[in-house]
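Student: I'd like to zoom in on one small part of this model rather than take the whole tour. Could you start from a single residue and work outwards?

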Amino acid sequence: MKKLLLVSLTLFTFISLAQAQISAGVNLQSSETFVTIGTDPNKQIFGEARIGTGGDIGFEAMGAYNIVQKDDVNFYLGLSLGLDDDRRNDRDDDDDIYVAIPFGLLVTPFNSKNLGLVLEAAPVLATDHGDYFRAGFGFKYTFR
């Protein structure tokens, strides 16, 4: 739990220093569902905090760089640090710290550029439960 608190404080400090608009969303990944809050994804560099729900409760902090920025599509590459707390086991030593390398598309096909569709994949390098690859989609709304 101390690790989760430390990662949370670090991420929220990063977001507050960024002084950017806020985005919120839901990502349905193959590993779990994330509820997200972050900075403006249309900036060249943006950040995001993700809270994992479902079987495991987890927290992930992501920083990303928009490699391609078009009017309707952004392609980004990022780096994430996460903590996955396995609540299905009785032991408390099952916390899994991981690093992920997410890459994805943010597509905003609607008249309002506030709502977008996120398509993302990431190799995940985990400490305790082994490496894996996740992919999925989600929705993101940017408050402007």
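Which residues does glycine 52 touch, not counting residues up to four places away in sequence?

Tutor: Quick ground rules first: this is a predicted model, so local features need pLDDT of at least 70 and side-chain atom pairs count only at pLDDT 80 or more, while totals for chains, interfaces and linings use all residues. Residues are numbered from 1 along each chain as its sequence is written, and side-chain values use heavy atoms, with hydrogens and water left out.

Now your residue. Leaving out anything up to four places away in sequence, glycine 52 touches Glu32, Thr33, Phe34, Ile57 and Gly58 (a contact means heavy atoms within 4.5 Å). Take Thr33 from that list: its C-alpha atom and that of glycine 52 are 5.7 Å apart, though 19 residues separate them along the chain. Glycine 52 belongs to strand S3 (helices, H or I of at least four residues, and strands, E of at least two, are DSSP runs numbered from the N terminus). With a relative accessibility of 2%, glycine 52 counts as buried (under 20% is buried, over 50% exposed, and partly exposed lies in between, using a 1.4 Å probe and protein chains only).

Next, follow the Phe34 contact. Arginine 50 lies over the face of phenylalanine 34, 5.9 Å from the ring centre (the test wants NZ of Lys or CZ of Arg within 6 Å of the centre and within 35 degrees of the ring normal). Phenylalanine 34 sits in S2, opposite asparagine 27. S2 covers 33-38 and S3 covers 45-53, and threonine 39 is in the loop between them. Threonine 39 is buried, at 4% relative accessible area, and its side chain reaches the backbone nitrogen of glycine 47 at 2.8 Å.

From asparagine 27 we can step into S1. S1 and S2 make a hairpin with 3 residues between them, pairing antiparallel over 6 bridges (strands pair if DSSP finds at least two bridges). On its other pairing, S1 is joined by 8 bridges to S9, residues 132-143, again antiparallel; there, asparagine 27 has glycine 138 as its bridge partner. In a regular strand, side chains alternate between the two faces of the sheet. S1, residues 22-29, has a covered face made of Ser23, Gly25, Asn27 and Gln29, while Ile22, Ala24, Val26 and Leu28 make up the uncovered one.

S9 brings us to arginine 134, which is found in that strand. Arginine 134 is buried, at 1% relative accessibility. Among the residues arginine 134 touches, with those up to four places away in sequence left out, are Gln29, Phe34, Arg50, Glu60, Tyr98 and Ala122. So this residue links back to the phenylalanine 34 and arginine 50 we met above. The side chain of arginine 134 makes a polar contact of 3.0 Å with that of glutamate 60 (an N or O pair within 3.5 Å; within protein, one must be able to donate a hydrogen and the other to accept it, and sequence neighbours count only if both atoms are side-chain atoms). Its C-alpha atom is 5.4 Å from that of alanine 122, 12 residues away along the chain.

Alanine 122 falls within S8, which spans residues 115-126. S8 and S9 pair antiparallel over 10 bridges, with glycine 116 standing opposite lysine 140 in S9. S8 has further antiparallel partners: S6, residues 96-100, over 3 bridges, and S7, residues 103-107, over 5 bridges. In S8, valine 99 is partnered by leucine 125 and leucine 106 by valine 118.

Back on S9, look at the rings. The whole structure has 3 aromatic pairs. In one of them, phenylalanine 137 and phenylalanine 139 have ring centres 6.3 Å apart and planes at 90°, so they are edge-to-face (Phe, Tyr or six-membered Trp rings pair within 6.5 Å between centres; planes under 30 degrees apart are stacked, over 60 edge-to-face, the rest tilted). Phenylalanine 137 is partly exposed at 38%, as is phenylalanine 139 at 47%. Tyrosine 141 and phenylalanine 143 form an edge-to-face pair, with centres 5.0 Å apart and planes at 70°; tyrosine 141 is partly exposed at 34%, and phenylalanine 143 at 47%.

Zooming out, the chain has 1 helix and 9 strands, running α-β-β-β-β-β-β-β-β-β from the N terminus. Of its 144 residues, 41% count as buried.
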